[in-house]
Amino acid sequence: MDAENERLRRRERELEERVAHLEARLEAARGDGLRRPGQGQQTSAASADLLFTAAEKTRMPQIITDPGQPDNPIVFANRAFQNLCGYDAAELIGRNCRFLQGPGTDPTDIAKVRDAITGRRDVVVEILNYQRDGTPFRNELYVSPVFGPEGELRYFFASQLDVTRFRTAEGVLAESEARYRALFDAVDSGFCIVEMRFDAAGRAADYRFVEVNPAFGAQTGLHDVVGRWMSEIVPGHERFWFDTYGEVARTGRPVRFESGAVAMGRWFDVHALRVGEPEQHRVAVLFNDITDRRRAETTLQATAEEKTTERNLVWRASRDLLVVCGFDGLFQTANDAWTETLGWDIAEVEGARFDTFVHPDDLDAVSAAFERVSGGGVLADVDVRVRTRDGGHRWFSWNAIPTGDRFYAAGRDVTDRRALEEQLRQSQKLEAVGQLTGGVAHDFNNLLTVIKSSTDLLKRRDLAEERRQRYIGAISDTVDRAAKLTGQLLAFARRQALRPETFAVNHAVTAVADMVGTLTGARIRVELDLPGEDRQDLHVNADPSQFDTALVNLVVNARDAMGGEGHLRIQLRRATLIPAVRAHPRRRGDFVAVSVSDTGSGIAPENLERIFEPFFTTKVVGQGTGLGLSQVFGFAKQSGGEITVESALGDGSTFTVYLPRVDTAASGLVTVEPEPLAEGHGTCVLVVEDNIDVGAFAEQALRELGYSTVWVTDATKALAEIERVPFRFEVVFSDVMMPGMNGVELAGEIRRRRPDLPVVLTSGYSDVLAAEGTHGFDLLRKPYSVADLSRILRRAVQKVPRGHDPLAG
């Protein structure tokens, strides 16, 4: 920039010399020439015409002022000056040039010009002026006085040099250099400029540091390097660095690389490019010390390689089936265990669908598992049968974890485990059957003993009427006990035909609580924790009789556990969760929970899983059958609920029965005792019973009660009788368990053909009733009394609307 200014000044002096030479020639030609200034004069005198002509012709901005006029006004401004300031000649002539100054003009510069004018001497000053539109411009002003022939002051000649663009460029350059220096000093990266030295063969021999930034030392560990050669600072520096920087200096192609400087014990990330003139052989280097990162990467790479090797070895050595499967359902990769365990080639597995090798019976479970893992869920312990190449199947327990667009799955062969589990189940089943058989035999032999003894005594001819009635009563009571024992067994097996209805549990518990004191005795303190009487939301749909029996069984069990003395608590509440129990997951819902707690001896941990087995008991012989808790278990399960137990030795036990809560029953129907039938009423009953003894007894009993009967042994014959003589029968009395069509199916068919013909079902055991219920038909449980038989048939007949004309259909 200074060189450019100097060039312009030199050009200006050349022009001034040419103007002076021209003035001399003109003066000589006209005889009115210039003469040298006298004593104290600073410039040559010239004629006005010559001065104005020269000023007009030059391309430098120039003005002439007349100090002989007031305020030294401008009397001439050439075209170049008008272009510089934006004013035309008419606007300039007659005004002092100070009007070009403005707020940014330095007063010191103004004073210099004023003093020169006053002292009639030359002055050179750089001053800030303003154009017509207000734009500032900086010009270098040259002012000289012009004297007349007699030495009088004629004019002031002012030449201008616009240096605005030079000063602006200098400012930008200075600002740029300041920013560069600030960045140079503040950047954390190392930076240096090196000057290469080449040998006679043109190969880079060394380099010298011209400039370094403050971070250079921190990045390299080298200090005081400016002006020194690298071979002197690090004698063993690798040839690679000299060759690389030499190539950049020679070709001008920048490079970016990472490399280690072994002699320095460091790794660097380097960016190098040529700066300055090519002849200077200078290279700018920006770099960062990445030694720690490289060490970490090396460690990480070594660890990754180790893990990869380890994974590959596990993949190859694993006896589990390993597979990678995409969410499109296709196997992407499989391990060698597929070949070694199942016989499939890897090529047959890869690309196959996830269910290709699955047993047909397990397809639904596998599809559900695939949906779960595809949705982002983790799969755990899903047992599936997988087909072998020879057509067999083996059990595998699968675990899977999804990631990205695929999941990784591992299947462990559990065929032997499943076989052992099945053997264990069979063993446990046989043990339970043995216990059940022994228990049933023991209890029924006791009952049969009473019945047999009573019947033998009844055969005595001289038996008094009072004793005869006693023995008959003993037989009747024993039959009821046998029926109760059978009901408990069926309840545990969930084969009892329940008669559910909606009832308020709090009322049922209150009713049972009235007899709890009688069951427990005076030494047991009974506490009831029941909700307020205004609670209307504790209703369930279950068999109320079975519920009462279950609650009594729990109370009796608690009484026996406390040895007849302690604290018994019955609590009723709503619950939203059944906890996980007996391998079943926890279950959310709306339940009514009834808890019976005692302060007894508690239950040993090894017995907690067995207490609900039939005939299992820790009581001494004669104190219990082992069927009480079995009945509670079966009732809760068959009613859609659950039973849990919390107990510890010495801390008592708490049994909780959970039943699904239902809305309050809307029906207010009351069971009405049917009216007795008149003597010789002759109501016609179709008896359907496949057992000869039971059928004959039922027919005989009905006839003695005044009924007219037709007895058939299966459903097909029953339908034929109904069709043979239409509207003959007023009620059908059918067993449920029969060969061919069962009683429930028969009742449904009769309802379809003859909706006006009532059907009463009877059964002592039926898995059909346990699973499906009675479908709205009346049910009489076996064993039944003659009175119960007559009552249920009368009720069924009286349900038919009076005045109904059978012939009308």
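**Cavities and selected sites in a predicted model**

Trainee: How many cavities of 30 Å³ or more does the count come to?
Mentor: This is a predicted model. Its cavities of 30 Å³ or more were counted, and the count comes to four.

Trainee: What volume lies in the largest cavity?
Mentor: Take the largest cavity on its own. The space in it is about 290 Å³.

Trainee: Which residues lie closest to the centre of the largest cavity?
Mentor: The lining of the largest cavity has 18 residues. Closest to the centre are Phe-331, Phe-354, Val-366, Trp-398 and Phe-407.

Trainee: Which elements give two or more residues to that lining?
Mentor: One helix number and three strand numbers come up for the largest cavity. They are helix 13 (363–374), strand 13 (379–387), strand 14 (393–403) and strand 15 (406–413).

Trainee: How do the lining residues of the largest cavity divide into nonpolar, polar and charged?
Mentor: No polar residue is in this lining, and no charged one. The nonpolar residues number 18.

Trainee: What volume does the second largest cavity have, and which residues lie nearest its centre?
Mentor: The volume of the second largest cavity is about 160 Å³. Its lining has 16 residues. Nearest the centre are Tyr-207, Thr-220, Trp-241, Tyr-245 and Phe-287.

Trainee: Which elements give two or more residues to the lining of the second largest cavity?
Mentor: Both helices and strands contribute here. The helices are helix 7 (215–220) and helix 9 (239–251). The strands are strand 6 (190–198), strand 7 (204–212), strand 9 (266–275) and strand 10 (282–289).

Trainee: By class, what does the lining of the second largest cavity have?
Mentor: Charged residues are absent from this lining. The rest are two polar and 14 nonpolar.

Trainee: Which residue does UniProt list for "modified residue: 4-aspartylphosphate", and where does it lie?
Mentor: The UniProt record, an unreviewed entry, lists Asp-735. Asp-735 lies in strand 25 (residues 731–735).

Trainee: Is Asp-735 buried or exposed?
Mentor: The relative accessible area of Asp-735 is 5%. Buried means under 20%. Asp-735 is therefore buried.

Trainee: Which residues does Asp-735 touch, not counting those up to four places away in sequence?
Mentor: Sequence neighbours up to four places away are left out. The residues touched by Asp-735 are Val-688, Glu-689, Asp-690, Gly-743, Thr-762, Ser-763 and Lys-782.

Trainee: Which backbone nitrogen does the side chain of Asn-742 reach?
Mentor: Asn-742 sits in the loop between strand 25 and helix 21 (743–753). Asn-742 is buried, at 12% relative accessible area. At 3.0 Å, its side chain reaches the backbone nitrogen of Val-744.

Trainee: Where does UniProt place the feature "domain: PAS"?
Mentor: The entry is unreviewed. UniProt gives two spans for this feature, residues 71–96 and 328–377.

Trainee: How far apart are the end C-alpha atoms of residues 71–96?
Mentor: This span is 42% helix and 15% strand. Its end C-alpha atoms lie apart by 6 Å.

Trainee: Is Asn-72 buried or exposed?
Mentor: Asn-72 is in the loop between strand 1 (62–65) and strand 2 (74–77). Its phi is near 50°, a positive value in a residue other than glycine. At 14% relative accessible area, Asn-72 is buried.

Trainee: And Asp-381, buried or exposed?
Mentor: Asp-381 lies in strand 13. Phi of Asp-381 is positive, near 55°. With a relative accessible area of 56%, Asp-381 is exposed.

Technical notes:
Residues are numbered from 1 along each chain as its sequence is written. This is a predicted model: local features need pLDDT of at least 70, side-chain atom pairs count only at pLDDT 80 or more; totals for chains, interfaces and linings use all residues. Side-chain values use heavy atoms; hydrogens and water are left out. On a 1 Å grid over the protein atoms alone, a cavity is a set of points where a 1.4 Å probe fits but cannot get out, and a pocket is an open set with protein on both sides within 12 Å along at least five of seven lines; lining residues have an atom within 4 Å of a point. Grid points are joined across faces, edges and corners, and a volume is the space filled by probe spheres set on the points. Ala, Val, Leu, Ile, Met, Phe, Trp, Tyr, Cys and Pro count as nonpolar, Asp, Glu, Lys and Arg as charged, and the others, Gly among them, as polar. UniProt positions are given in the numbering used here, feature names are shortened, and annotations may be inferred rather than shown by experiment. Buried means under 20% relative accessible area, exposed over 50%, partly exposed in between (1.4 Å probe, protein chains only). Contact means heavy atoms within 4.5 Å. A polar contact is a pair of N or O atoms within 3.5 Å; within protein, one must be able to donate a hydrogen and the other to accept it, and residues adjacent in sequence count only if both atoms are side-chain atoms.
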